[in-house]
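Thanks for joining; I would like to walk through one model today and go from single residues up to the contact between chains. Please keep the viewer open while I talk.

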Amino acid sequence: METTSTFEKIFRGTALTLVVLFFMFPIFWIFLMSFQTNETILRIPPSVVFTPTFENYQALITGKLTSAAGTLDIAFMRNLGNSVFLSVASVAVALVLGVPAAYAFARHKFRGSEDIAFTLLSFRFAPPLLVLLPLTQYFQWLGLSDTYFGLIWVYQLICLPLILWIVRGYFEDISADVEYAYRIAGHSWFATFRKIALPLAGPGSPLPVCLPSSLPGTTLSSRWCLHRPTSSR
Amino acid sequence: MTTLQLKNIVKRYKSQTVLDDLSLSVADGETLVLFGPSGAGKTVLLRMVAGVIEPDEGRILIGGEDMAEVDAEHRGIGMAFQNFALFPHMSAFDNIASPLTATRSSKEVISAGVHKVAKLLKIDHVLTHHPKALSNGQKQRTALARALAGSPPLLLLDDPLRNVDAKLRFEMRLELPRLLAAQGATVVYVTQDYKEAMALGDRIAVMSQGRIRQIGTPEEIYNAPADIEIARLFGDPTINLLDVVPKEGPDGVYVELSNVKIALSGMPRTVVGKTCVIGLRPETIVFADAGSPGAIPVTVEAETPLNEKTVTLVMTVRRREVLVSRPAGMPGPVSGPAHITVDGRTAFLFDKESGALIASVGASATCNGEAA
């Protein structure tokens, strides 16, 4: 046990507060901006005193932005819905496929297992544009272009290796003896996976779930999605 | 209760042979101790019996039944691991209950079973704790309780006392034989501690480099170690090993230590003139007066008083170190010149080249568990 003096506690608290304020301020500022009109946002000097307005939120939800210049259609809700659905669905698929695969790679060293695991990871190294054209072609032939199914499939390129490699590490951290002990106690292989391996790797699961979820909208996905507006029109 | 037979087990990892054509059988209700240095293959062997490692060759029979196609969960085994291997996300109760939940027993049956074994191991007051909140001793008892809970006919205990402190180890060494007897199970017990092996084993199998070097009762192994290595492993302080060349006199074979003759009556003539190693247990050597027959002159180098015995390091005239052990409280020289006598009837004679036992002269040598 280490003892900390009162001064140290106060100093530490103050320092932490300052750091948090510094880094959180831009987010706080954007949050404030969301309640302001263009004029109040752009005035000089800026001020935190203003009459809050819900116009912006209203516009996002109704899909119509009315300003001095005229009205503008924005398909925000539909796009957001698409993104949410695609993220959830592709991460779900990646989890269903990736977690058992990660377990297999962690527990069973078979011939070529390292090579397979590395090949899967190498999809992450490839420049997205490299696969964009051929994939587009193939997907058009297959009739998968511009479908949820096709997009979720492509997202596996991003999600699966990530989940596989992160979760594998968590499985490897669990002592094999703990699993052996459960099996010897009379439980099946699957019960051991469910009751021992999964709960013990559990604390690490939010990370692989969150990480790929945030990816749609970046790199491959954004380029891949480029053709969507044109084709859906 | 059940029997266990291992037939010609071979296990290789890459080019290394971990178990080399090993055969072993354990009788119904017997406690067999697998004893040997680390890397001897004891743990691999135990895991093979448990069904979590597969042998490359050979057969494992439990209760006469071939286990080749039987998964770990159907072998009816209770196992305690060296590192406890408790389920960290479950309470001690759920840990101990795991063999019972596998059989889909009712809640009452499970609870009764867990409490019974927990009481036996004196951990009934910590059943709600998670492993993190348990002391090492409690962890070890929980692991044992888990192994015992399902009343398995075959118990595998992989050095369960390795990671607990000396005091607890001593306590458990006294407690375990009673516990195991009450269980009535056939037990395979792995240890690196010869005292534990002597205290717990009906028989001891001494392993090294994937083979069984000697198998027998604790007395047999202590009184007739098959080779120098085994003689060295059993006994504290370690056995004295001195190079000698036996000679033949009118009264039979004898050896000379510092020009003093020690008769090895009953020793075959074939050893005469061969380079041998004589093994003398420190407790069979006694200090004597200068004039007494067979007294060997030595110089006392150091004395280590232990609780129950005093160990003295002495140097012979030819600068060979010899350990002498005597019960605590018995007077003896502390420094300077002294004399010791050696009883040829308690000596072992080993072949220098092969290390194998030629003969233990006195089969009458007694043995106790502590080898004091």
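**From one strand to the chain contact**

Let me begin with B:Leu61, which sits in strand 4 of chain B, the strand that covers residues 57-62. Before going further I should say that this is a predicted model, and everything I describe should be heard with that in mind. How buried or exposed is B:Leu61? With 13 to 19 neighbours a residue would fall in between the two classes, and B:Leu61 is partly exposed because 16 other C-beta atoms lie within 10 Å. If we set aside residues up to four places away in sequence, B:Leu61 touches B:Gln5, B:Asp66 and B:Met67. There is also a pairing with the start of the chain to look at, since B:Leu61 and B:Thr3 are 58 residues apart in sequence and yet 7.9 Å apart in space, taken from C-alpha to C-alpha.Next come the backbone details, and I will take chain B before chain A. B:Asp21 is not a glycine, and nevertheless has a positive phi of about 50 degrees; this residue belongs to strand 2 of chain B, residues 16-26. B:Asp21 is partly exposed, with 13 other C-beta atoms within 10 Å. A positive phi is also found at B:Arg104, where the value is near 55 degrees and the residue is again something other than glycine. B:Arg104 lies in the loop between helix 2 and helix 3 of chain B, and it counts as exposed because 9 other C-beta atoms are within 10 Å, where 12 or fewer is the cut-off.

Where in chain B is the cis peptide bond that ends at B:Pro237? The bond runs from B:Asp236 to B:Pro237, with omega near 0 degrees, and B:Pro237 is in the loop between helix 8 (228-233) and strand 11 (240-244) of chain B. In chain A, a cis peptide bond joins A:Ile44 and A:Pro45, with omega at about -5 degrees, and A:Pro45 is found in the loop that links helix 2 (38-42) with helix 3 (55-62) of chain A.

Let me return to the two helices on either side of B:Arg104. Helix 2 of chain B, residues 92-101, packs against helix 3 of chain B, residues 107-120, at an angle of about 125 degrees, and their axes are 9 Å apart. That angle makes helix 2 of chain B oblique to helix 3 of chain B. The crossing of helix 2 of chain B and helix 3 of chain B is right-handed. Which residues make the contact? From helix 2 of chain B they are B:Phe93, B:Ile96, B:Ala97, B:Leu100 and B:Thr101, and from helix 3 of chain B they are B:Ile110, B:Gly113, B:Val114, B:Val117 and B:Ala118. Sorted by class, this contact of helix 2 with helix 3 of chain B has eight nonpolar and two polar residues, and no charged ones.

Moving up a level, the domain assignment of chain B gives domain 1 as 4-224 and domain 2 as 229-360. The centres of these two domains of chain B, taken over C-alpha atoms, are separated by 38 Å. Their contact takes nine residues from domain 1 of chain B and six residues from domain 2 of chain B. On the side of domain 1 that touches domain 2, at least two residues each are supplied by strand 9 (203-208), strand 10 (211-216) and helix 7 (218-223) of chain B, and the largest share, three residues, comes from helix 7 of chain B. By class, that side of domain 1 of chain B has five nonpolar, three polar and one charged residues.

Now to chain A as a whole, whose secondary structure comes to twelve helices and two strands. Along the sequence, the pattern of chain A reads α-α-α-β-β-α-α-α-α-α-α-α-α-α. Of the 233 residues in chain A, 20% are buried. Among the contacts in chain A with a separation of 6 or more, 68% are between residues 24 or more positions apart.

Finally, what does the contact between the two chains take from each of them? It takes 15 residues from chain A and 18 residues from chain B. On the side of chain A that touches chain B, helix 8 (176-184) and helix 9 (189-201) of chain A are the elements that give two or more residues, and helix 8 of chain A gives the most, with seven residues. By class, this side of chain A has nine nonpolar, four polar and two charged residues.

Key. Residues numbered from 1 in each chain as written. Chains lettered and ligands numbered in written order. Predicted model: local features only at pLDDT ≥ 70, side-chain atom pairs only at ≥ 80, totals over all residues. Domains from an automatic or database assignment. Contact = placed C-beta atoms within 7 Å. Helix = DSSP H or I, 4+ residues; strand = E, 2+ residues; numbered from the N terminus. Nonpolar A, V, L, I, M, F, W, Y, C, P; charged D, E, K, R; others polar. Axes fitted to C-alpha atoms, helices over the stretch in contact; angles between N-to-C directions. Parallel < 35°, antiparallel > 145°, perpendicular 65-115°, else oblique. Left-handed = near helix turned anticlockwise from the far one by under 90°.
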